[in-house]
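Biologist: I'm new to this one, so could you take a close look at a single part for me, the charged side chains and how they pair up? After that, please show me what surrounds them.

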Amino acid sequence: MKLVKKVSSLSTLTIKELQSETEILQAFPVMKQLRGHLDEQEYLKLTAEAREKDQYRMYALYDQEELVAVTGFKPMITLYYGRFVWVCDLVTDETKRSADGEALLTYIHEWARDNDYANIALSSGLQRHDAHRFYENKMDYDRVSYVFKKNLF
């Protein structure tokens, strides 16, 4: 696992890209808090396929050596948003919630700018009112659409 960024010189927080199956598996307990429908095997299978076929990237925020938050995102191009980054997953360990999500989301903003992606987009469950306040009030995101889903199986 390579160190990507130390959050600040006074902080014990670091952000690292998760690349190996072992690193990705270590993030499962935190990711499970957001994606409770997944077991470890399905999580590993979907992560591997998304990384292989969809440029999905995972990063974790560590406080000293403890993984406290994880994100997954992918660069995309559509006619609506142009070149943008879709944040697929962003979760902070429920016992550690504070500025950790902000650090990871800020890192995604920097990654997008550094790689010439002009926008960031994400969806958030209708019931996640605290998350909506975080995105809109703390991170200055605009609410621009609804996401619709239809299950086929």
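**Charged pairs and their surroundings**

Modeller: Lys-138 is a good place to begin: its relative accessibility is 52%, and the cut-off for exposed is over 50%, so Lys-138 counts as exposed. Keep in mind that what you're looking at is a predicted model. The partner of Lys-138 is Glu-102, and their side chains meet in a salt bridge, with 3.4 Å from N to O. Lys-138 sits in helix H5 and Glu-102 in helix H4, so this pair ties together parts that are 36 residues apart in sequence. Glu-102 has a relative accessibility of 26%, which makes it partly exposed.

That pair is one of six salt bridges in the structure. Another one joins Asp-89 and Arg-35, whose closest N and O atoms are 2.7 Å apart. Here, too, distant parts of the chain are linked: Asp-89 belongs to strand E5, while Arg-35 is in the loop between helix H2 (28-31) and helix H3 (40-54), and the two residues are 54 apart. Asp-89 counts as buried, at 10% relative accessibility, whereas Arg-35 is partly exposed at 25%.

Also among the six is the bridge between the side chains of Arg-143 and Glu-136, at 2.8 Å from N to O. Arg-143 is exposed, with a relative accessibility of 60%, and Glu-136 is partly exposed at 28%.

Now for a charged residue without a bridge. Glu-17 lies in strand E2, which covers residues 13-18. Glu-17 is buried but makes no salt bridge, and the nearest side chain of opposite charge is that of Arg-57, 4.0 Å away. The side chain of Glu-17 does have a polar contact of 3.4 Å with the side chain of Gln-19.

What about the nonpolar side chains? In soluble globular proteins, nonpolar side chains tend to be buried together. In this model, the largest nonpolar core has 25 residues, and Leu-61, Val-85, Leu-105 and Tyr-135 have the most contacts inside it. Several elements we've already met give two or more residues to this core, including E2, E5, H4 and H5. Strands E3 (57-63), E4 (66-78) and E6 (119-122) do so as well. H4 gives the most, with seven residues. There's also a second, separate core of 16 residues, and among its members are Leu-18, Met-31, Tyr-43 and Met-58. For orientation, Glu-102, from the first salt bridge, is in H4 too.

Some nonpolar side chains are on the surface instead. Leu-126, Tyr-146 and Phe-148 make a nonpolar surface patch of about 490 Å². Phe-148 lies in the segment after helix H5, which spans 129-138. With a relative accessible area of 76%, Phe-148 is exposed.

One last stop is Leu-46, in helix H3. Leu-46 is partly exposed, with a relative accessible area of 38%. If you want to relate this helix residue to a position much later in the numbering, the C-alpha atoms of Leu-46 and Lys-150 are separated by 19 Å, and these two residues are 104 apart along the chain.

Notes:
Residues numbered from 1 in each chain as written. Predicted model: local features only at pLDDT ≥ 70, side-chain atom pairs only at ≥ 80, totals over all residues. Heavy atoms only, no water. Patch = residues over 30% accessible without salt bridge, like charges linked within 9 Å, V, L, I, M, F, W, Y side chains within 5 Å. Areas by Shrake-Rupley, 256 points an atom, 1.4 Å probe, with all protein chains shown as cover. Helix = DSSP H or I, 4+ residues; strand = E, 2+ residues; numbered from the N terminus. Buried < 20%, exposed > 50% of the residue type's maximum accessible area, 1.4 Å probe, protein only. Lys, Arg positive; Asp, Glu negative; His and termini not counted. Polar contact = N/O pair within 3.5 Å; in protein donor to acceptor, adjacent residues only side chain to side chain. Core = buried A, V, L, I, M, F, W, Y, C linked by side-chain atoms within 4.5 Å.
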